[in-house]
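Biologist: I am new to this structure and would be grateful for a close look at one part of it. Please describe the second largest pocket and its lining, and then go on to the strands and loops that you consider helpful for a first reading.

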Amino acid sequence: MILSLVALGINAQNDNRKGNISGILYQLTFNIPEKQSEKVTGNATITFDIKTKQNVVLDFQGTPGDVLVYKANKGKGKKAKVKIENDQIIIPGKMFKLGTNRISVNFTSQDKALTHSGDVVFTQVQADEGRALFPCFDDNEMRGQYQTTINTPAGWKSVTVDMAEKLAPIDYCFVTGKLFEKTSNTDGRNLRVLYSETDPNKVAQIDEVFTEVAKAMKWMEGYTGIGNPYEKECVIFILPSLDLGGVERRGTIAFSDKTIFLGKKPLKEELLKRTEVISHETSHIWFGNITAIDEPWAKEVLANFMASKITRSQYKKEEVEVSFMNSYMQNAIALDRTEGTHPIAWEVDNPRDPILWYDNINYCKGPVMMRMMEDEMGAEAMQKGLQQCLRDHYMGNISWNQIVDILDKQAPAAGIRQFSDVWVKQKGMPVITCTYKDGQVIVSQSDPYGRGLCWRQKFELKVINNMGIAQIMKVDMQQPTMTFKYKGGVPDFIIPNQDGRGYGRFTLADSYVKNLPTKLITTRNDINRYTLLNLIHDNYLQGKLAPSHFGELFRFLGREKNPLIMETAINQMHKIASDLTLQQRYTLELVIMDLLGENRTKECRQFVLRKLGTSAISPEVLDKLQTILDRHNEEVLDEHDYMAIAYRLAVTRPERRDQILEKERNRLITSGNDELRQEFDFVSKATHPNANAREEVFRSLLKAENRVNESWALNALRLLNSDVFEPQSNVYIVEGLKALPEIQKTNSLAFPQRWTHTLITPHRSEEAKIEVKKFLNESADYPASLKNFVYESAWVLMNQIPYVDNTPKPATTATKKKTTTRRRR
């Protein structure tokens, strides 16, 4: 109760300052050290007008220094005795006068507010970024103007968001460092890119970025009817060590160099993903900047929805649809099927905790919901409604409920409010059962939580009889049960959701499930084949399919051309292999390797070698990997792939570990790539054959300074949890999960989920299940958002049902002792 009263008091102070404080101007100075180990310091001089004398509350998570107050523009400031609590600096109201006042605060920024990568420093991507970086009024409705001075080492270039337009602190950013610049006039737009990359092959790809950004802007202007107001100031950053794919701020777009700079022969999927990221961040100029969305999740929902539309305008339908299902539907279902499910509009305990807004329900289920909503109301009505949202709230804020009200008026018969109440405000997903009975196909939907909800949605159902005649039924689930007449007799196949538009867990009678794998090789449409592939695997995890369907996967993969379907199937084949006995796994890994002779596409070769290069255990396959590592001439592999193969060989062949690692390390030294050599030295420690030595590596990862390079830390954690080290590696599970709250404070937004996934998913043993259960039973006070990552990562480990052959055996009959030799044979 005391904590609640304190929180209410702080909220009341925050609410009072909105009406009392206006005319905000931030004059900011940042001192950037050359050494990454040193802190960023600075000064914030904040000028503002007040209507009534009351305490002034600044938000700040860093370390404040002296606070000086200048009354009504007087030249001499008076040092304030402030109270610091709950990430806020409370300055007594008696120190202010009505009218204009100034506050000067020296400060040290929090490390998490900034990323320092080599000779580049930039503001980090967090929902609480403003208050972690400098003292401010960290509220979307309290916008101010900015003037920035950045003191840097000699030769560094700095870019800030200093603009005439008023911005909330969350929209403030700067980038400084040894940056290069490239400009272009693309489609009549003046675009500017700043970057630190020196590889000429990568730098050449910046021209593709100009083209992609210009296309996305043109499409958004056409869809919304509103031109880009930031075009003159628009700057594009390509930043090293940006852990998310990209981020937008007013007038700027920033991308990770890993997202933008692809290999010499990028796969179609890599190109498509780059287009999606560029489109997502560009669309935020409209949904997030031109009109700020009050709920962070809603801003991401609209950006992802727009990005999928922009991408569809540039790629084939099948390519985009399969990618949409892979990126959004599969990731959303992976969390929605667990105990960690929650509504898209989740009422969180701490709205300032950014991790609560960006899990796979908010980020991935949201775009699926938007597409369902568009199906309900029509594309034209949705476009008109979203245009009105932007016009009515231009350079202002809008809430999700306001968006729903506007869309509902555009299509009153569609029942958009009721649709939102189920899809957005309720947790979970339906179980959709498809059966045949007495000349009818019955599609029924049930709510696993017993609330009687109906998730309105549309999808296709395919029914095939024993003559091979197919009938496609258009299912429009406006009610829990739908029936369709079928005159083809008892069907051989029922394939629900073949177009991938439906969302939920689709179930069939066992007799129909067993037939599904045989349809893979004859299913020509990429969308239908990808959906069927995941339906088969889901039923395998439910124990309804024998591992022997591995053979059907091999048959269709021999001629598969779609890289994303290929990669998904190879991962599923490896999962089946890892579920079986050691000798069976040896055999199946050789079969996976045999794909290289059946499917000669470069994508298949790359996926097979990368999968086996990080997971193989068969002696024959390991021999082949050793040859590949020694020859070092596979055109589909890069240096990171070879490093991964060296790690795998080191953990599976400990007697040769030192020789394998030394040879690869010398190759890196000879190549002159010191960064890769440093990474190799960091990660390879996790391959040590001694359990105590590996535990030392694990404990080092619990220290924040050893997680500065997040990809290195995750690679080391992956090796520590390698299947060959189980059950010893089970000792990391509980301790690694208990460290998550601290990890969240010191690492990027995406890192806690990646840490959890890397920590848990390699495990297969009953002992690992016990460790996860132990943690969950002892973590009543553990943050719900972090516990959701555990539910998601451990779902297969905890919930997979092993297949049991319940086929009735033919009855045996007694035979006479005297039988002929012919009969015996």
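Modeller: The account below begins with the pocket, continues with the strands, and ends with several individual residues.

The model is a predicted one. Its second largest pocket has a volume of about 240 Å³. Thirteen residues line this pocket, and those closest to its centre are Lys-317, Glu-460, Asp-499, Arg-501 and Ile-527. Three elements each give two or more residues to the lining: α8, which covers 317-336, β23, which covers 457-464, and α14, which covers 526-541. The largest share, three residues, comes from α8. By residue class, the lining of the second largest pocket holds eight charged residues, three polar ones and two nonpolar ones.

Of the elements in that lining, β23 deserves a longer description. Six of the eight residues of β23 are buried, so this strand is largely enclosed by the rest of the structure. Strand β23 pairs with β24, residues 470-477, in the antiparallel sense, over eight bridges. Within this pairing, Lys-462 has Ile-472 of β24 as its bridge partner. The two strands, β23 and β24, make a hairpin with five residues between them, and Gly-468 in the turn has a positive phi of about 85°. Strand β23 is also joined to β26, residues 493-496, by four bridges, and these two strands run antiparallel. Here Ile-464 is matched with Phe-493, its bridge partner in β26.

A separate description is due to an open sheet of four strands, whose order is β25-β22-β21-β27 and whose pairing is mixed. The edges of this sheet are β25, residues 481-485, and β27, residues 505-507, each of which pairs on one side only. From one strand to the next, the twist averages 15°. Strands β21, residues 431-437, and β22, residues 440-446, run antiparallel and are joined by seven bridges. One of the residue pairs is Val-431 with Ser-446, its bridge partner in β22. As background, strands of a sheet pair through backbone hydrogen bonds, either parallel or antiparallel.

Some details of the backbone remain. Most residues other than glycine have a negative phi, and most peptide bonds are trans. Asp-87 has a positive phi, near 60°, although the residue is not a glycine. Asp-87 is placed in the loop between β6, residues 83-85, and β7, residues 88-91. With a relative accessible area of 37%, Asp-87 is partly exposed, because this value falls between the 20% limit for buried and the 50% limit for exposed.

His-632 is another residue other than glycine with a positive phi, in this case near 55°. His-632 is found in the loop between α19, residues 619-631, and α20. At 21% relative accessibility, His-632 counts as partly exposed, because buried means under 20%.

Helix α20, residues 639-652, contains Asp-641. The relative accessibility of Asp-641 is 12%, and because this is under 20%, the residue counts as buried. Leaving aside residues up to four places away in sequence, Asp-641 touches Arg-610 and Val-636.

Finally, the peptide bond from Glu-726 to Pro-727 is cis, with omega near 15°. Pro-727 has its place in the loop between α24, residues 710-720, and α25, residues 731-738.

Key:
Residues numbered from 1 in each chain as written. Predicted model: local features only at pLDDT ≥ 70, side-chain atom pairs only at ≥ 80, totals over all residues. Heavy atoms only, no water. 1 Å grid on protein atoms, 1.4 Å probe; cavity = no way out; pocket = protein on both sides within 12 Å on 5 of 7 lines; lining within 4 Å. Points joined across faces, edges and corners; volume = space filled by probe spheres on them. Nonpolar A, V, L, I, M, F, W, Y, C, P; charged D, E, K, R; others polar. Buried < 20%, exposed > 50% of the residue type's maximum accessible area, 1.4 Å probe, protein only. Contact = heavy atoms within 4.5 Å. Pairing = 2+ DSSP bridges. Axes fitted to C-alpha atoms, helices over the stretch in contact; angles between N-to-C directions.
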